[in-house]
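I opened this entry to keep track of what I looked up, one topic at a time, with the sequence and the model side by side.

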Amino acid sequence: MSASGRELVVVGVSHHSAPVEVRERLAAAGADAATFLRDVTTMQGVQEAVLVSTCNRVELVACCNPEGAGAGALAGVLEKAGGLGRDDSDLVFTLRGRDAVRHVFRVASSLDSMVVGEPQILGQMKQQFDSSVACDAAGPVLFRVFHKSFSVAKRVRTETGVASRSVSVASTAVDLATGIFETLAGRTVMLLGAGETGEIAARHFLSAGVGQVIVVNRTFESAVDLARELSATPVPLDRFRSYLPLSDLVVGASGGGVLVGGDDVRAALRERRGKPMFFIDLAVPRNFESSIAGIDGAYLYDIDDLAAVVEDNVDERRREAVRAEAIVESEVDQFWQWFERLDVVPTIVELREYADSIRRGEVDKALSRMSVSEEDRERIHHMTRAIVNKLLHHPTQVLKGEGSAGEESRLLAAVRRLFGLGDDS
């Protein structure tokens with residue numbers, strides 16, 4: 001809590017604290033975020049609020065004052081909205097002050113994500129902050145918190161490699177193919193299998209710019225359905241070898257074992273006049289004979305090869321995450337100095353009003369027993385105001401100084417306690 005009592009809090013559930021069935025219930029409760037936030041910000045003492053809701057977290061970020069609802073009341077609102085019982089209350093976590101700021105910065109930077117470095121969370125946070133602003137739930141303090149978190153996320157991505165390497169099998173396959181062909185623009189991908197795994201891989205290749213996708217499946221109707229979604233070409237399984245020479249990349253994601261043998265690949269390469277082919281085997285059991293790896297011009301990766309690359313990339317992201325955490329910590333320090341300074345001016349004003357009220361009271365009491373001219377009264381008031389100003393000059397300068405956030409916080413708390421300012425007396 002800051003010296004004047006303004007407090008930043010985060011209450012919520014995440015993939016660290018709660019299973020998906022609990023997160024689902026809370027996400028459904030917060031589906032109408034505008035109504036939910038209006039209810040929250042009408043609670044006594046809640047000044048601002050932003051709801052961050054993704055598949056991995058439902059979190060309420062709020063700025064509160066001590067006169068009203070605190071973190072406990074906000075947690076209660078979430079628990080009620082999600083229909084959580086007593087046994088579920090431990091699933092809701094609460095963070096305050098610097099810990100709350102650090103959490104928001106880490107979430108935006110994807111350091112708290114299930115897959116560290118994933119890019120979706122930043123866009124989701126920006127969208128949900130905009131929604132909070134649109135319904136007047138977010139104000140100047142959370143504006144600063146969230147926009148600072150966005151700049152921290154950008155700095156983390158720019159200055160570290162936390163998001164530079166793929167950590168999904170499909171995106172890793174795209175990276176490997178790009179390494180072989182330099183560019184995927186205009187390339188043709190043959191997809192063996194119209195199931196979910198193959199579809200995900202095909203969509204990654206399309207996003208990377210491949211020119212054409214051929215969908216092959218044992219059930220031709222399924223190939224047609226998926227081809228329609230991908231604007232691809234459906235081909236019956238018994239005719240796929242005719243299309244093999246046209247394919248730069250072949251993705252195996254079909255059940256039933258080996259579909260492509262070494263002889264098939266050698267024949268295709270002869271027709272392609274030696275232009276390389278890239279085979280990615282995502283199927284278990286595998287769709288491609290292992291002997292393909294030994295054929296000149298053919299590059300074969302199976303699911304274990306890709307998993308090994310993914311694990312290397314995950315390790316690299318973990319190493320980069322250490323550097324990212326240091327960036328977040330330095331940014332939290334800077335933010336906290338700004339946040340603490342929000343209390344400096346009100347404290348100085350309150351201190352001066354307190355001192356002047358004493359001065360006026362004592363002067364008026366003394367003057368009531370004296371017979372002095374109006375001109376002398378004003379001289380006395382002027383003199384006593386000068387005394388108060390001189391007494392408060394040095395303390396004011398110290399409070400306005402550039403001390404550390406911790407030192408400033410202690411000074412403000414001490415001043416308020418010594419002079420009985422506000423509610424801290």
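**Sheet.** I began with the strands of this predicted model, and found an open sheet of six strands whose order is E7-E6-E5-E8-E9-E10, with parallel pairing. I then looked for the edge strands, which are E7, covering 233-236, and E10, covering 298-302, and I noted that each of them pairs on one side only. From one strand to the next, the twist averages 20°.

**One pair inside the sheet.** To see how two neighbours are joined, I picked strand E5, residues 188-192, and strand E8, residues 249-252, which run parallel and are connected by four bridges. Following E5 along this pairing, I found Leu192 standing opposite Gly252 in E8.

**Helices H4 and H6.** Before turning to the helices, I reminded myself that two packed helices are described by the angle between their axes and the distance between the axes. For helix H4, residues 97-108, and helix H6, residues 140-159, I wrote down that the axes come within 8 Å and cross at roughly 45°. Angles of 35 to 65 degrees fall outside the parallel and perpendicular classes, so H4 and H6 are oblique to each other. The crossing in which H4 passes H6 is right-handed. I listed the residues that meet here: Val104, Phe105 and Ala108 come from H4, while Val145, Phe146, Lys148, Ser149, Val152 and Ala153 come from H6. Sorted by class, the residues of this contact are seven nonpolar, one polar and one charged.

**Helices H4 and H5.** I stayed with H4 and asked which residues of H4 and H5 make their contact. The axes of H4 and helix H5, residues 120-134, come within 8 Å and cross at roughly 120°, and H4 and H5 are therefore oblique to each other as well. On the H4 side I noted Val104, Val107 and Ala108, and on the H5 side Ile121, Leu122 and Met125. The contact of H4 with H5 holds six nonpolar residues, with no polar and no charged ones. Looking back over my two lists, I saw that Val104 and Ala108 of H4 appear both in the contact with H6 and in the contact with H5.

**Whole chain.** Last, I stepped back to the protein chain, whose secondary structure comes to 15 helices and ten strands. Its radius of gyration is 32 Å, whereas a compact globule of 425 residues would have one near 22 Å. Taken along the principal axes, the box that the C-alpha atoms fill is roughly 120 × 40 × 30 Å.

Technical notes
Residues numbered from 1 in each chain as written. Predicted model: local features only at pLDDT ≥ 70, side-chain atom pairs only at ≥ 80, totals over all residues. Heavy atoms only, no water. Pairing = 2+ DSSP bridges. Axes fitted to C-alpha atoms, helices over the stretch in contact; angles between N-to-C directions. Parallel < 35°, antiparallel > 145°, perpendicular 65-115°, else oblique. Left-handed = near helix turned anticlockwise from the far one by under 90°. Contact = heavy atoms within 4.5 Å. Nonpolar A, V, L, I, M, F, W, Y, C, P; charged D, E, K, R; others polar. Rg over C-alpha atoms; globule rule 2.2 N^0.38 Å.
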